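Hi there,

Here is the structure I promised to pass on to you. Have a look at it first, and then read on for what turned up.

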Amino acid sequence: MFGGERAQSEVLGTVLLLGLTVAVVGTTVALGGTALGDSQRTADLQRVEGAMTQMDSKASLVAHGESPSQRVSFGERRGTMSIDDDAGRMIVAENESGEEILNASLTALVYENDGTKVAYQGGGVWRSNGNHTSMVSQPEFHYRGETLTIPLITVANDSEVDSDRLTITANGTPKGHVERNPVVDDVTVTVTGDYHGGWASFFESRTDSRIVERGDNSVTVVLRTELIGNGVPQSLGVLGNSKFNLESIGSLSADSYDSAVAGPNDRTGNAVIAVGGSIDGPQGNGNQEEYITINGSLLAKDSIQPSPSGLKNGNHGIVTKNVTEGAEIDDPTPVDGYLFQAFSEYDDRYANESTVTYSDWTEVKDDEPVTEPATVGDDLEVDGTTESYRVEDAVLGVDNENDLSIEDGGSLTLEAAGGQAGFEFDDLEVESGELVLDTTDGDIDLFVDGGVSFGGESASPANLTVIGDGAVRLYARGDVSFRRDVNVDVGSGAELRLFHDDGDGDIDIGGEGDDDDPDDGGVSVTTGPNEPADAFWLFSNADEMEIDGSDDPVDITGTIYAPNAEVEDAEGAVTIRGALVVNSLGDSESDEDNDDNLSGLDLTIRYDEALATAEVFGEVERVPTITYLHVSTQDIRIESD
């Protein structure tokens with residue numbers, strides 16, 4: 001009996017061994033086949049990219065009259081070739097009037113292999129996998145001094161491609177599209193369609209134009225005719241189309257100063273409160289004290305109720321200058337394009353992969369700067385200690401989603417030892433400690449892939465200090481929070497720009513104070529002599545913001561530019577020396593029956609008139625101006641040879 005069982009076991013073992021062998025061989029063949037297929041697909045796409053780039057060069061010869069025709073061969077190919085006459089459009093227009101200079105179809109020659117496309121469009125070559133588009137060969141945009149030439153090459157809609165060899169010929173003669181020079185208005189260029197992402201990268205990296213809008217299917221850039229800032233024209237801009245319930249506000253005091261001349265105590269009476277919708281103002285002629293004082297103007301794009309004169313002369317409020325309904329109020333410049341550009345510039349600035357890896361922060365010497373890209377495989381925890389790290393023309397980051405935390409009175413100094421210094425973390429949290437950013441010898445980029453949080457206690461606040469005369473750019477992709485006992489100090493000559501790119505995220509300023517602690521502090525942002533508001537900027541595309549000075553005051557010198565944000569939670573003592581630009585202030589959906597949604601807010605705004613000509617989006621040093629613009633189109637026909 002036992003011998004029979006052994007025989008059966010041997011047979012069963014042999015069968016299992018054979019089955020396992022077949023499975024392994026089958027898996028190996030399958031994996032090998034997949035790898036081979038991927039390799040062939042990659043080689044095919046690379047070969048087509050080369051052929052498309054060659055075609056780009058030859059099409060340029062034909063379009064510019066240097067050759068009557070050109071031929072290009074794509075050889076044997078594994079994908080499909082087609083003409084897509086619905087691939088997008090290019091629109092060149094005057095910025096102020098919207099008058100179109102050019103509106104042209106961007107018909108594309110498209111090669112597709114397994115979901116990846118390589119396309120010739122508008123004189124450039126682009127590659128797209130459906131989620132991301134990159135530039136293979138750039139189109140023709142030529143700056144010569146203050147002259148910009150756009151010789152757009154377009155593909156005729158009746159082109160046909162059904163073979164591997166193609167012939168390129170001119171389809172008509174070039175057409176000019178600018179009727180007057182010099183140009184007197186800024187010019188916008190909009191590209192729509194499947195490859196707009198590649199065009200965005202081209203505009204940002206090769207033309208120094210400013211991206212002002214980035215949609216799901218389009219990108220728009222502005223070309224400047226004057227090298228002056230477009231500024232922030234409002235003290236308080238509530239620029240959505242909702243109602244601003246001014247009647248319910250606890251109090252509003254608005255005035256102005258000019259930091260280029262003097263500090264906030266020298267008031268100039270030029271405040272501007274601008275509302276993109278309507279305003280509900282105080283009603284009646286009661287005997288209560290004035291609670292609205294605007295030393296300047298109050299503007300509404302829609303109506304002001306009960307009447308503009310009531311706000312100017314009534315017992316509840318006084319406006320010293322104009323009270324205007326139906327006012328012309330420009331929509332705020334979209335912030336998403338600027339954030340995209342800022343983050344892209346960061347990526348370009350530190351594009352090199354890390355060449356040095358440290359296991360922990362003790363291996364990073366604080367007496368010698370890091371001079372090549374490096375990563376540290378550990379959190380940076382500064383717990384009651386004092387530490388410093390220096391970087392010179394390199395980036396020092398963390399690996400495996402490690403964080404920076406400062407607590408229990410710890411102090412950390414990040415220093416630019418020369419040129420550009422980059423520091424990267426997953427999250428940044430400062431609780432009862434200090435983060436010092438030293439820009440004496442260079443600029444600092446502090447990139448946080450997650451959230452940024454500052455919050456202290458009365459005995460040990462959370463401090464962010466910028467010293468030197470350079471620039472700090474702080475990037476955040478998660479929620480941003482400045483809670484109780486937070487002090488931000490931007491020293492004389494320095495600048496701090498916080499870029500918050502999280503459309504679904506939040507910004508929380510103030511709140512969570514301790515009623516039982518009389519020494520508990522709020523949120524304070526200070527800048528140099530005369531309190532210049534252009535030394536601190538917060539740019540955000542967040543859809544929600546909270547400003548809470550109810551327990552402890554919020555006192556900020558700087559500019560908060562968050563045109564998408566709905567500030568439903570705004571209460572307590574809030575002072576801003578500079579400007580606040582948001583979508584809405586107060587709960588605009590609950591404004592019936594004299595709702596008191598802003599009754600707890602005591603808002604003081606001191607507009608810095610230097611912001612009127614400030615370069616909000618940092619273009620002055622980077623973007624060339626144009627005085628003369630030449631736009632032409634040349635149609636080419638592509639046919640099978």
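**Helix 4**

Helix 4 covers residues 336–349, which is 14 residues, and at 1.5 Å a residue it should span 20 Å; its end C-alpha atoms are indeed 20 Å apart, so the two values agree. Please keep in mind that this is a predicted model. Several residues of helix 4 are buried, namely Gly337, Tyr338, Leu339, Gln341, Ala342, Phe343, Ser344 and Tyr346.

**Salt bridges**

How many salt bridges are there? The count comes to 16. Three of the pairs are worth a visit while you have the model open.

Start with Asp641 and Arg71, whose side chains meet in a salt bridge with an N to O distance of 2.9 Å. Asp641 sits in the segment after strand 44 (628–640) and Arg71 in strand 1 (residues 69–73), so this pair ties together parts that are 570 residues apart in sequence. Both partners are partly exposed: the relative accessible area is 45% for Asp641 and 46% for Arg71.

Next comes Asp449, which forms a salt bridge with Arg477, with 3.8 Å between the closest N and O atoms. This pair links distant parts of the chain, 28 residues apart: Asp449 is in the loop between strand 32 (442–448) and strand 33 (452–454), while Arg477 is in the loop between strand 35 (471–476) and strand 36 (480–482). Asp449 has a relative accessibility of 41% and so counts as partly exposed, and Arg477, at 32%, is partly exposed too.

The third pair is Asp555 and Arg577, where the salt bridge has an N to O distance of 2.2 Å. Are its two partners buried or exposed? Asp555 is partly exposed, with a relative accessible area of 26%. Arg577 has a relative accessible area of 14%, and because buried means under 20%, Arg577 is buried.

There is also a network to look for: salt bridges that share partners join Arg71, Arg165 and Asp641 into one.

**A negative patch on the surface**

Now turn to the surface. Asp378, Glu381, Asp383, Glu407, Asp408, Glu429, Glu431 and Glu457 form a negative patch there. Which strands supply at least two residues of this patch each? They are strand 28 (380–383), strand 30 (404–425) and strand 31 (428–438). Glu407, one of the patch residues, lies in strand 30. With 31% relative accessibility, Glu407 counts as partly exposed.

**Far apart in sequence**

Finally, here are two C-alpha pairs to find by eye. Ile150 is part of strand 10 (residues 147–155) and is buried, with a relative accessible area of 1%. The C-alpha atoms of Ile150 and Thr633 are separated by 8.3 Å, although their positions lie 483 residues apart along the chain.

For the other pair, go to Ala612, which is in the loop between strand 43 (601–608) and strand 44. Ala612 is partly exposed, its relative accessible area being 38%. Its partner here is Ser235: the two residues are 377 residues apart along the chain, and their C-alpha atoms are separated by 9.8 Å.

Enjoy exploring, and all the best.

Note on methods
Residues numbered from 1 in each chain as written. Predicted model: local features only at pLDDT ≥ 70, side-chain atom pairs only at ≥ 80, totals over all residues. Heavy atoms only, no water. Patch = residues over 30% accessible without salt bridge, like charges linked within 9 Å, V, L, I, M, F, W, Y side chains within 5 Å. Areas by Shrake-Rupley, 256 points an atom, 1.4 Å probe, with all protein chains shown as cover. Salt bridge = Lys/Arg side-chain N within 4 Å of Asp/Glu carboxyl O. Lys, Arg positive; Asp, Glu negative; His and termini not counted. Charge placed at Lys NZ, Arg CZ, Asp CG, Glu CD. Helix = DSSP H or I, 4+ residues; strand = E, 2+ residues; numbered from the N terminus. Buried < 20%, exposed > 50% of the residue type's maximum accessible area, 1.4 Å probe, protein only. Expected span 1.5 Å × (residues − 1).
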